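This report describes one protein model in terms of its helices, cores, internal spaces and selected residues. The sequence and coordinates are shown first, and the description follows.

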Amino acid sequence: MRWWSVANLVSNAGTWMQLTVQNLLVLQITGSAATTGLSVSVQAAPALLMSLAGGAAVDRWPRKLTAGVSQALLGAVAFVTAVLVAVDQLNVPVLMALAAVTGLIATVDAPACSLLGNDLVRTEDVPSAIGVGSLVSNAGRLVGTALAGVTVGFFGTAAAYAANGVSFLFVASVIPFLRPVYKAARRSEVPAPAIPAQCGSKSTGQDMTMREGLAFFMRRPRLVALAGVTGISAVFGRNYSLTLAVLVTGPLAGGAGAFGTVSTVLAVGGIVGAVLGARLRRPSVRIVGTLAAAGGLLQAVAGLSPSLALLLILVLPMAVVESVSDTAGTTVLQTDPPAHLRGRVLGVWGSIRTAWGLAGPPALGLLMELAGARGALVAGGLIIAGSIGAGYVLRERRTTKAVVLRTEERDMTSQPGLSTAA
């Protein structure tokens, strides 16, 4: 697990370095912010359409082999991009094609690496393993974003892509030496048992496999509730790179440096939250919802901040609550399904998460156009807290209550056995 965490830290740093440099590269080539946004959407699009197939592949194939091959392929794409940049042959269509290929490979790589990390620990330690993964992800984001500017400044754009390729190959070289816990290894290597088709179903094979994962997800109320809670939080909150950037540079009259400080505090809060989330032993959807509602209320208060200093004070607990909520939700998502369905469930989740990622920024942008940065933060936070609270109330009302049946005494006395039981 220590080797896996180190490998993931290196990989996350390389990925964030490349993402940062890629946006700058598209702007340099085209001078268009719209084209830059399109490149991000092109890389995310395969996850919207192909995540379920990727999850099914993870359930069918040996996990270590799947993760190793996908990491090597991602490294190859990064090296190809580095060479094209170095020889000045990279244009927008080629860059878009490479982004789409990267997104397609990631539909298999993401669930494979997530579940492989869980296989390295005992079942009771999975929440801690997920918390460590969240901690590594946040730390990698900090390191990668910081290294992007340094790498481009001293070595050029191609070096950033090459460094990311090396980070993927490092992970691929570590995977063969990992030693999963015996039961986890057996669980991931043994093919899923055949499950009879539902009455009236004529599909078999791969189509049935993918539909089986989707059907399981939709039949599990707690997974559907988790999707609802996380979705509304993703659409009306959490896009702080957009909402807080407008708030800091607009009403609070700050500059890029001030927003950089806010971003750093957000990253630190994410790391603290990951550490706290790793201590959760029994995460539940109720905990995720409670934390998400608390984060929404904090967001609403932050929208009313009269100064940058007060905003920084509020941003830290916002990030902590968000990180703990994410860790708890990920634990539920990866431990609730049976072992042979977890890849497909993560595939369904990948499609849903991508849909939120594509819908959130335009919705927030429209809300800011109508209500301004402060109004968007306040309204979004209240919508999150109010929706989660309303869902909780409706759930309580639908809960079946015990009904006491009264039996006449003359019937009870005529039946000695029933009289004794009473």
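Helices here are DSSP runs of H or I with at least four residues, numbered from the N terminus. Ser 5 is found in helix H1 under that scheme. The model is a predicted one.

**Overall composition**

The protein chain contains 16 helices and zero strands. Of its 422 residues, 45% are buried. Among contacts in the chain with a separation of 6 or more, 85% join residues 24 or more positions apart. The accessible surface amounts to about 21100 Å², and carbon and sulfur atoms account for 66% of this area.

**Nonpolar cores**

The largest nonpolar core comprises 39 residues, and those with the most contacts inside it are Trp 4, Ile 175, Leu 178, Phe 217, Leu 226, Leu 333 and Trp 349. Helix H14 (residues 342-398) provides the largest share of this core, eight residues. What does Leu 333 touch, when residues up to four places away in sequence are not counted? The partners of Leu 333 are Phe 217, Leu 223, Leu 226, Val 345, Leu 346 and Trp 349. Another core lies apart from the largest one; it has 19 residues, among them Leu 252, Ala 258, Val 265 and Ala 319.

**Cavities and the second largest pocket**

Rolling a probe the size of a water molecule over the atoms reveals where empty space remains. Three cavities of 30 Å³ or more are present in the structure. The largest cavity holds about 90 Å³ of space. It is lined by 13 residues, of which Arg 238, Tyr 240, Ala 292, Gly 295 and Gly 296 are the closest to its centre. Two elements give two or more residues each to this lining, helix H12 (285-303) and helix H13 (308-335). H12 supplies the largest share, five residues.

The second largest cavity has a volume of about 50 Å³. Its lining consists of Gln 18, Gln 22, Gln 43, Val 77, Thr 81, Leu 95, Leu 98, Ala 99, Thr 102 and Tyr 161. The elements that give two or more residues to it are helix H1 (2-30), helix H3 (63-86) and helix H4 (92-119). The largest share of this lining, four residues, belongs to H4.

The second largest pocket encloses about 690 Å³ of space. Of the 19 residues in its lining, Ala 225, Val 285, Gly 391, Tyr 392 and Arg 395 are the closest to the centre. Helix H9 (221-236), H12 and H14 are the elements that give two or more residues to this pocket.

The character of the three linings is set out below.

| Space | Nonpolar residues | Polar residues | Charged residues |
|---|---|---|---|
| Largest cavity | six | five | two |
| Second largest cavity | five | five | no charged |
| Second largest pocket | nine | six | four |

**Selected residues of helix H1**

Is Ser 5 buried or exposed? Ser 5 has a relative accessible area of 15% and is therefore buried, since the cut-off for that class is under 20%. Leaving aside neighbours within four places in sequence, Ser 5 is in contact with Val 132 and Val 136.

Ile 29 is also placed in helix H1. With a relative accessibility of 36%, Ile 29 counts as partly exposed, because this class lies between the 20% limit for buried and the 50% limit for exposed residues. Not counting residues up to four places away in sequence, Ile 29 touches Leu 90 and Val 92. The C-alpha atoms of Ile 29 and Val 92 are 7.5 Å apart, although 63 residues separate the pair along the chain.

**Loop residues with positive phi**

Most residues other than glycine have a negative phi. Where does Asp 88 lie? Asp 88 is in the loop between H3 and H4. Its phi is near 60°, a positive value in a residue other than glycine. Asp 88 has a relative accessible area of 66% and so is exposed, the cut-off for exposed being over 50%.

Ala 253 lies in the loop between helix H10 (240-249) and helix H11 (256-277). The phi of Ala 253 is near 55°, which is positive in a residue other than glycine. Ala 253 is exposed, because its relative accessible area is 66%.

How values were computed: Residues numbered from 1 in each chain as written. Predicted model: local features only at pLDDT ≥ 70, side-chain atom pairs only at ≥ 80, totals over all residues. Heavy atoms only, no water. 1 Å grid on protein atoms, 1.4 Å probe; cavity = no way out; pocket = protein on both sides within 12 Å on 5 of 7 lines; lining within 4 Å. Points joined across faces, edges and corners; volume = space filled by probe spheres on them. Nonpolar A, V, L, I, M, F, W, Y, C, P; charged D, E, K, R; others polar. Core = buried A, V, L, I, M, F, W, Y, C linked by side-chain atoms within 4.5 Å. Buried < 20%, exposed > 50% of the residue type's maximum accessible area, 1.4 Å probe, protein only. Contact = heavy atoms within 4.5 Å. Areas by Shrake-Rupley, 256 points an atom, 1.4 Å probe, with all protein chains shown as cover.
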